[in-house]
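Reader: I have a chain open on my screen and some questions about it. Shall we go through them briskly?

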Amino acid sequence: MEKRTSMVNNLLQLPHEVLHGILIHVAPTDLAALRCCHVLDNFINHDSLLCKEIYQRHFSTKLEDLIMVADRAQRLLRTASVDRCSSNIAFLDRLIRAQKNIGILCNSSLFEWATDTAKTTTRSHVQHWSDVDQLPDNNSSEDGNDPTFPAVVPNRENNDSELGRAVLRKAIRVPHATRLQDQIHRLSAKLHCLYGVPIQRLQVPETPSSSLRPGNRSDTEVDVHPFARSKVYDLRQHSEGTLWGPFVGDGSQNVDWEKIEAIMIILDYNIQIFTNKYVTHGSNLIPPWDRPFVGVTPHSLNLRPAELSVERPPSLPLDLQDPYDVSGTWMRVVCFLDYRELFTFNFSEDQPPPGQPRPPIDAEEAIRFIVVKLQVTKIEKPGEDDGQGLPVVHFKGSSYSALPPVDVNANSKIRGTVRLTPEGEVRWTTFSVFHGEERWRSEGIQLGGVQAARGILGYWFDKDFDEYGPAGPTAFWKVSSDPALPEYDIMEDL
């Protein structure tokens, strides 16, 4: 006992530079355990360089892996050859489904929020590091291949990372680390959007010592859709800077992939509830994101070829000059909350401070399926704020309710534009026109690029940008290049 006390005293009496040099080699979980000592806790809290080096040593490699996978995914998905695209999609599917990589789809701030909430509810000792007395066994992981129920902590290494992140949240106030984490969030959300098959439920181990096998009784299952719904219906994110669409708030038109991810999750959740009751597999109501990486390559519609150029021979018909392949029949889905619930959620007295998310909301939403028929009306050169690689295409058309069969709010005229954003994404803007007056507007991004079959995801909202709403998620995807496709051909599987 005297010897151990002497060793502790010797450790605490070391110069700070020497102690710093020792602690940078300590694992994040062990660093958390050291904080039970008041002196070491104070040292760790005030040594920001130590925290930065620990973060870089244990987590920057995860970022590099994620950047590598994201970069490889985008390069492979943009391959021009159809045959190569097919083989690349199969390769990426295997890559993401592998045990070491499935977790990268769950690293956005949305999943981090859901996981932290579950841990706060079921594992109070996460906030009291002295209670952490046992770590999971190295051989306690399984092959987490099911993208619907991935383990948040699939193995020992990632469990260390989870605990380490919690340590760093309490001890680190380093802008560099924050920027890295934000980049991880964005990359993970984008990969999830490209992969598709939205993850609707997480398994969060209740204790660090729990077995991490899928379906283990000690795991807490967390539904993701209440958190996605909170993000989607938070009207604070609709502003002039975001164009009221799925963009970041600086007016740059850069895509906020975490918004797109939340939209995809909540639409998929509502579509699943509806189609499980009324629709057979293969229907046009089944969204194109129900299979991994399907439809996220340019020209994956395969409905007609198109050369990408701003200049078009004026003698060609507008449909052949259109690089986006707008003309045709599209299926659209729209979801919305009861307006009283939307208003209470956003404007009740008990509201979070700026920058903090509103609480998760588990409320039933209405869903509408709408058939949209579009025709190109004009093509012009891009403006100063547009991407310069392709022209701006104007279109008009009509929409009518598919399910439910009668909905006066779905039957309208449609007009809008398609253009490139400065960063090269395909931006769709639509207006719903009733009796000659615009009522609803939508802003969306086409996942996968020009003529990608995955479709467009975004927000619908009041055309006057009313800060009190309503607003909600929407998506649409092409089902035919024939704008006169009969209704029975569209709804034949119902």
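Reader: In which helix is His 20 found?
Author: First, this is a predicted model: local features need pLDDT of at least 70, side-chain atom pairs count only at pLDDT 80 or more, and totals for chains, interfaces and linings use all residues. Residues are numbered from 1 along each chain as its sequence is written, and side-chain values use heavy atoms, with hydrogens and water left out. Helices (H or I, at least four residues) and strands (E, at least two) are DSSP runs, numbered from the N terminus. Residues 16–23 make up the helix that holds His 20, and that is H2.

Reader: Why does His 20 count as buried?
Author: Buried means under 20% relative accessible area, exposed over 50%, partly exposed in between (1.4 Å probe, protein chains only). His 20 counts as buried because its relative accessibility is 14%.

Reader: Which residues is His 20 in contact with, leaving aside neighbours within four places in sequence?
Author: Contact means heavy atoms within 4.5 Å. With those neighbours set aside, the partners of His 20 are Phe 43, Asp 47, Leu 49, Leu 50 and Glu 53.

Reader: Which strands make up the closed barrel?
Author: Two strands pair if DSSP finds at least two bridges between them. Strands of a sheet pair through backbone hydrogen bonds, either parallel or antiparallel. Here the pairing is antiparallel, and the eight strands run S3-S4-S5-S6-S7-S8-S9-S10.

Reader: How many bridges join S9 to S10?
Author: Take S3 first: residues 328–336 pair with S10 in the antiparallel sense over six bridges, and Val 333 has Ala 475 as its bridge partner in S10. On the S9 side, Gly 458 stands opposite Thr 474 in S10. S9 (residues 456–462) also runs antiparallel to S10, and the number of bridges joining them is six.

Reader: How many of the ten residues of S10 are buried?
Author: S10 spans residues 471–480. The strand is mostly covered, and its buried residues number nine.

Reader: Which helix gives the most to the largest nonpolar core?
Author: A nonpolar core is a set of buried Ala, Val, Leu, Ile, Met, Phe, Trp, Tyr and Cys residues joined through side-chain atoms within 4.5 Å. The largest one has 61 residues, and those with the most contacts inside it include Leu 110, Val 333 and Leu 457. Ten residues of this core come from residues 257–278, helix H12.

Reader: How many residues does the other core have?
Author: This other core lies apart from the largest one. Among its members are Val 326, Trp 330, Val 372 and Leu 374, and its size is 21 residues.

Reader: Which element has the lowest mean pLDDT?
Author: pLDDT is the predictor's confidence in each residue, from 0 to 100. The protein chain averages 76, and 67% of the residues score at least 70. S9 has the highest mean among the elements, 97, while the lowest, 42, belongs to residues 156–171, helix H9.

Reader: Where does pLDDT stay under 50, with 27 contacts beyond four places in sequence?
Author: Where pLDDT is low, the predicted coordinates should not be read in detail. The stretch with those 27 contacts is residues 208–217.
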